[in-house]
Amino acid sequence: MVFPNLVTVLAICAGLSGIRFGFEGRFESAVVMVLIAAFLDGIDGRLARLLKATSKFGAQMDSLADIVNFGVAPALVLYAFLLDRAGSPGWIAALLFAIACGMRLARFNVLDQADDQPTWQSEYFVGVPAPAGALLVMLPLYLSFLGLPQTKEVALAAAAFTVLVAFLLVSRLPVYSGKSLKLPGDRVLLIILAVVLYFLLLASYPWYTLSASALAYLVFLPFSMRAYARRAKQEGEAALPPDVE
């Protein structure tokens, strides 16, 4: 049980280090540390299940790490880089995002323990998940690294975008999780190649790749809603009793 919890602690250290780098003005390093924290936080639970080392203590540690890594760290780094130029609205936006992330994680823990949920609904998150929210909210950072000016107008627009992401976190928006996605055997090599290509692009053109990833995720959300509505209609029709002649 020690190893998965150690990964969780390392994720917290990475997130807090990102905050430190942000306040030291090393913003590119800060974003990298937040992304490392997100990666470590994403694999600790899978390691625990793989090693059969899951525990209630580990689950609670993971939730606390999520609040730091996906809520507090991105909000503070973004505030130190850009939102402070917007004055009080920028700080309010950062607070709202951090609070929304905590509420999103609390709701996830409650829904994860629900037994009366239809099986097919477990394929969807309720609201944008916290890791995706952290990726999205730092979009102004990526664009600024690509040359977007850090003016007060841009800071105000970034504050509005931060509030939008906060509402996406606590919304009832159905977001496809991909947990039940089954990959056909004849396409595994192509998928592996695509994943390798993505990471090569991320290493070579990090800010272009992250910007494109965030924008692509935003475009994906309406399609997820449509797929959920279609599935709900199918499941509702399947649950109807047969016509009596």
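In this predicted model, nine aromatic pairs are counted between the rings of Phe, Tyr and Trp, with ring centres within 6.5 Å taken as the criterion for pairing. One of these pairs is formed by Tyr-79 and Trp-91, whose ring centres are 5.0 Å apart and whose planes meet at 70°, an edge-to-face arrangement. The pair links distant parts of the chain, since Tyr-79 belongs to helix 3 and Trp-91 to helix 4 (residues 88-112), with their positions twelve residues apart in sequence. Tyr-79 has a relative accessibility of 22% and therefore counts as partly exposed, and Trp-91, with a relative accessible area of 37%, is likewise partly exposed.

A second edge-to-face pair is made by Tyr-124 and Tyr-228, and it is assigned to this class because the planes of the two rings stand at 85°, with the ring centres 5.1 Å apart. Tyr-124 lies in strand 1 (residues 124-126) whereas Tyr-228 lies in helix 9, so that the pair ties together parts of the chain that are 104 residues apart in sequence. With respect to accessibility, Tyr-124 is buried, its relative accessible area being 10%, while Tyr-228, at 23% relative accessibility, counts as partly exposed. Beyond these pairs, ring pairs also link Phe-27, Phe-81, Tyr-142, Phe-145 and Trp-207 into a cluster.

Tyr-142, a member of this cluster, is also among the residues touched by Ser-211, the others being Leu-139, Leu-143 and Leu-146, when residues up to four places away in sequence are not counted. Ser-211 is placed in helix 9, which covers residues 206-239. The relative accessibility of Ser-211 is 5%, and because the limit for a buried residue is under 20%, Ser-211 counts as buried.

At the start of the chain, helix 1 comprises 22 residues (2-23) and reaches 32 Å from its first C-alpha to its last, which is close to the 32 Å expected at 1.5 Å a residue. The buried residues of helix 1 are Pro-4, Asn-5, Val-7, Thr-8, Ala-11, Ile-12, Ala-14, Gly-15, Gly-18, Ile-19, Phe-21 and Gly-22. In an α-helix there are 3.6 residues a turn, so residues three or four places apart point the same way. The buried residues of helix 1 pack against two further helices, namely helix 2 (27-50) and helix 3 (56-81). Just after helix 1, Gly-25 adopts a positive phi of about 85°.

Conventions
Residues are numbered from 1 along each chain as its sequence is written. This is a predicted model: local features need pLDDT of at least 70, side-chain atom pairs count only at pLDDT 80 or more; totals for chains, interfaces and linings use all residues. Side-chain values use heavy atoms; hydrogens and water are left out. Helices (H or I, at least four residues) and strands (E, at least two) are DSSP runs, numbered from the N terminus. Buried means under 20% relative accessible area, exposed over 50%, partly exposed in between (1.4 Å probe, protein chains only). Contact means heavy atoms within 4.5 Å. The expected span of a helix is 1.5 Å times one less than its number of residues. Rings of Phe, Tyr and Trp (its six-membered ring) pair if their centres lie within 6.5 Å; planes under 30 degrees apart count as stacked, over 60 as edge-to-face and the rest as tilted.
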